[in-house]
Amino acid sequence: MSVRSLFQGKSSHADGAGIIGPEDNARRLEVLEDIEQAGIGWIWASDSEGRLIYLTDGACRKLPLERPDVLGKPLIELFETDPDNPDGGTARPLNFQLKAHNKLHDLVVRFALGKSKHDVQQIWWSLTAHPKFDKNGNFCGYRGHAKDITVEYERKLIDSKLAEYDSLTGLANRHYMNKRIENILAAYRSAKRSCALMMLDLDKFKYVNDTMGHPAGDAVLVQAAERLRAVIGDRGEIGRLGGDEFQVILPDIDDRGTLGELAEKIIKIVSQPYPIEDEKRAVIGTSVGIAIAPYDGVDKEELVKASDLALYAAKNGGRGQFRFYHADFKDEEEERQALLDDLRVALKNGELELHYQPVVRANDNTVACLEALMRWQHAERGAVSPDVFIPVAEESDLIIQMGEWALRQACDHAMAWPSTVRVAVNVSAVQFVHKGFPETVANVIAQTGIDPDRLELELTESIFLGDTDATEETFKTLKRLGVRLALDDFGTGYSSLSYLRSAPFDKIKVDRSFVDSCTEQEKNSAKIIAAIVGLSNALGMETTVEGVEAFDQLKVVREKGAKLIQGWLYAKAMPQEKILELIKSGEFIIEPEGPDTHRRERRSVFRRIGVIHDDHHYRAVMRDLSTTGARIEGLVGVPVGTPLVLDLGAGQLVVCEVIRSKDAMIAVNFETPLVSDGAGGLVTRHRVSPYALAAAGMPLTALPEGSYPMERMHGSPNSKPQFLEVQVGHS
């Protein structure tokens, strides 16, 4: 039967068509053409070079290019696979799959020629094909079929986005971030690439939720997400893991200087005030923990745990800080709970005590006030900083009990002082908003017999975050009691002037950060101090300038009009016994004593390190450390100009040169400056890569603590040591 008769309906069969046998190529072709015309399926073929040589006319019409612009083009230019296939399909590039000459089965591809993945209108096809080989086994190309799946695939993408993204902020959720970290680390291991992971949560967010309501908390989360996007940009991916916890993936960044600067920027931007409805503002902060693969972990579990521990360390350090992961970090969540348990016992057993730092009059050095500061000497931990245990207490009801104890103890102690000396007590925001706080103050005054005018309550801006009406009522009640109110850390907040307008403060305390730099010409700190003093005088308030540690600072703050001064130049905080001794000596006057000029803190250390020269690894002790150099003891006979490498442990190698040498002490200058570790210490920007150690025969794993002697990386030394190594102990 001819093809012509097929279309004319002439056939020996009743249906007018007849059976199409395998030898009837013409009629088989007609069937395929009918299928193509009906849109049931599209046929395509490629040649041995991967070029598209045939495509159904109907399929061509679905594409935004003319048929001649499509045929003859390489498939890898026309289409690309989707690495985020919601069906979990392969993420391997199309080029990889075509070169393998394997069968293609429902492979999802996006039409790529002349389009961007960011274009609103996308075209998605499903490709199925078999490779064709000639009788000699030579690859001839693919033969297959395709179908348009744009509508159903984009629906899957939307569903996938809903499943993998946070509905409140639009950021990726925990499920998506876990998958991304796993995929990235798996790919980066073979490529020997690095990836940083940041963990952060919002400090004082629970307080915002509790005092301003969940809608306000949601508004803060949305704004915080927007700020993170602005800071991170296209350098990484951001996810919200739940609550106030966020995660940032930063591929190909292992420079701890860069990461530290980025963390500081995040902290600064996220900590700006958040406008809420009804002209309210929420002020929160953030802490950041940083871990870097492969140095701190080579798989997802290791890296996430490392960044978690770094975050807890940052929060324990006083919040508003960042930390890089360190192998010494313990499980900080358990550590915080243990610290809280110990703190409860300490309060119950009377292990907490108050020390008092004097506030003196600038004109005659007479003590006008003593600020009560809580101290805790732990039997095993030693002296625990208030920056560590106060935030822990604030996360529980313990801060209410501690605050009441401190208030009662301070007023009781003050009764043994001259009546002209006031006592200042710090009040936590959690304590201030507690309904029973004004009653507690009244009871303490009545039971101790202190003149209310001698009691000064120091408050911070965070007290204004909650219910405005309740805050105003507390202010009125406290003023009716006759106590004095001071606004602490003035100048570091965001809307202090509005607080001064609405709150009945008697004193402003200028934050020490302005004093630290008041002698530096390029800073405006001295002018700011003068402006705050002038403002305070105009409002009829007193001003205390805190943090004065040197005579050049004292000269500046006196010139700027400060009348009350607090700082180590006069005295550090002292126990009650020492205060009573000073009082017995006669007039309560403290003369300033200290350095003439203020200098940035110098780091004195005692740290055992390795010193590498040629192929020898020596042991020594680092005595002093700065960003650009160090003083090292333990090597004799090292000439000036000798190039060395310091092994600071955990893969930290520092190239340096000897600039001074005497006996067993040398001084060196670093080729590359060290950077901050976020905890007041210094670290190298880069570390020895675990990939390099693996190439030297060591297992691929996160960097352990300790040094890496030359024989472990390069075999035994081949030369004689040039320097004499001597033992050094503490001095």
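**Local geometry, sheets and helix packing in a predicted model**

Just after helix H22, Gly 561 adopts a positive phi of about 100°. The structure described here is a predicted model. Helix H22 spans residues 551-559, and its buried residues are Asp 552, Gln 553, Leu 554, Val 556 and Val 557. These buried residues pack against two helices, H20 (512-516) and H21 (525-538), and against two strands, S21 (542-546) and S22 (564-566).

The protein chain contains 25 helices and 33 strands. Of its 731 residues, 48% are buried. Among the contacts in the chain with a separation of 6 or more, 62% are between residues 24 or more positions apart.

Strands of a sheet pair through backbone hydrogen bonds, in either a parallel or an antiparallel sense. One open sheet in the model consists of 6 strands in the order S2-S1-S6-S5-S4-S3, and the pairing is antiparallel. Strand S2 (52-55) and strand S3 (79-81) lie at the edges; each has a single partner strand, so one side of each has no neighbour in the sheet. From one strand to the next the twist averages 35°. At one edge, S3 is paired with strand S4 (residues 104-111) over 3 bridges, in the antiparallel sense. In this pairing Thr 81 stands opposite Val 109 of S4.

Parallel pairing is found around strand S19. This strand covers residues 484-490 and is mostly covered, with 6 of its 7 residues buried. Strand S18 (residues 455-459) runs parallel to S19 and is joined to it by 4 bridges. Leu 457 is placed opposite Leu 485 in S19. Strand S20 (residues 507-510) also runs parallel to S19, and 3 bridges join these two strands. Here Phe 490 stands opposite Val 510 in S20.

Two packed helices are described by the angle between their axes and by the distance between those axes. Helix H10 (residues 214-232) packs with helix H9 (residues 205-212) at an angle of about 145°, and the two axes are 6 Å apart. On the H9 side the contact is made by Phe 205, Val 208, Asn 209 and Met 212, and on the H10 side by His 214, Ala 216, Gly 217, Val 220 and Leu 221. The residues of this contact comprise 6 nonpolar, 3 polar and no charged.

Helix H10 also packs with helix H11 (residues 256-270); their axes come within 10 Å and cross at roughly 150°. The crossing of H10 and H11 is right-handed. Arg 227, Leu 228, Val 231 and Ile 232 of H10 make the contact with Leu 262, Lys 265, Ile 266, Ile 269 and Val 270 of H11. The residues of the contact between H10 and H11 are divided into 7 nonpolar, no polar and 2 charged. An α-helix has 3.6 residues a turn, so residues three or four places apart point the same way.

A buried acidic residue was examined individually. Glu 164 belongs to helix H7 (residues 150-164). Its relative accessible area is 9%, and Glu 164 is therefore classed as buried. The side chains of Glu 164 and Lys 179 are joined by a polar contact of 2.7 Å. When residues up to four places away in sequence are not counted, Glu 164 touches Ala 172, Asn 173, His 175, Tyr 176 and Lys 179.

Several loops contain residues with notable backbone geometry. The peptide bond from Ala 293 to Pro 294 is cis, and its omega is near 5°. Pro 294 is located in the loop between strand S12 (285-293) and helix H12 (300-316). Asp 614 is not a glycine, yet its phi is positive, at about 55°. The loop that holds Asp 614 lies between strand S24 (603-613) and strand S25 (616-625). Ala 650, likewise a residue other than glycine, has a positive phi near 55°. Ala 650 occurs in the loop between strand S28 (643-649) and strand S29 (652-662). With a relative accessible area of 13%, Ala 650 is buried, because the cut-off for burial is under 20%.

Definitions and conventions: Residues numbered from 1 in each chain as written. Predicted model: local features only at pLDDT ≥ 70, side-chain atom pairs only at ≥ 80, totals over all residues. Heavy atoms only, no water. Buried < 20%, exposed > 50% of the residue type's maximum accessible area, 1.4 Å probe, protein only. Contact = heavy atoms within 4.5 Å. Pairing = 2+ DSSP bridges. Axes fitted to C-alpha atoms, helices over the stretch in contact; angles between N-to-C directions. Nonpolar A, V, L, I, M, F, W, Y, C, P; charged D, E, K, R; others polar. Left-handed = near helix turned anticlockwise from the far one by under 90°. Polar contact = N/O pair within 3.5 Å; in protein donor to acceptor, adjacent residues only side chain to side chain.
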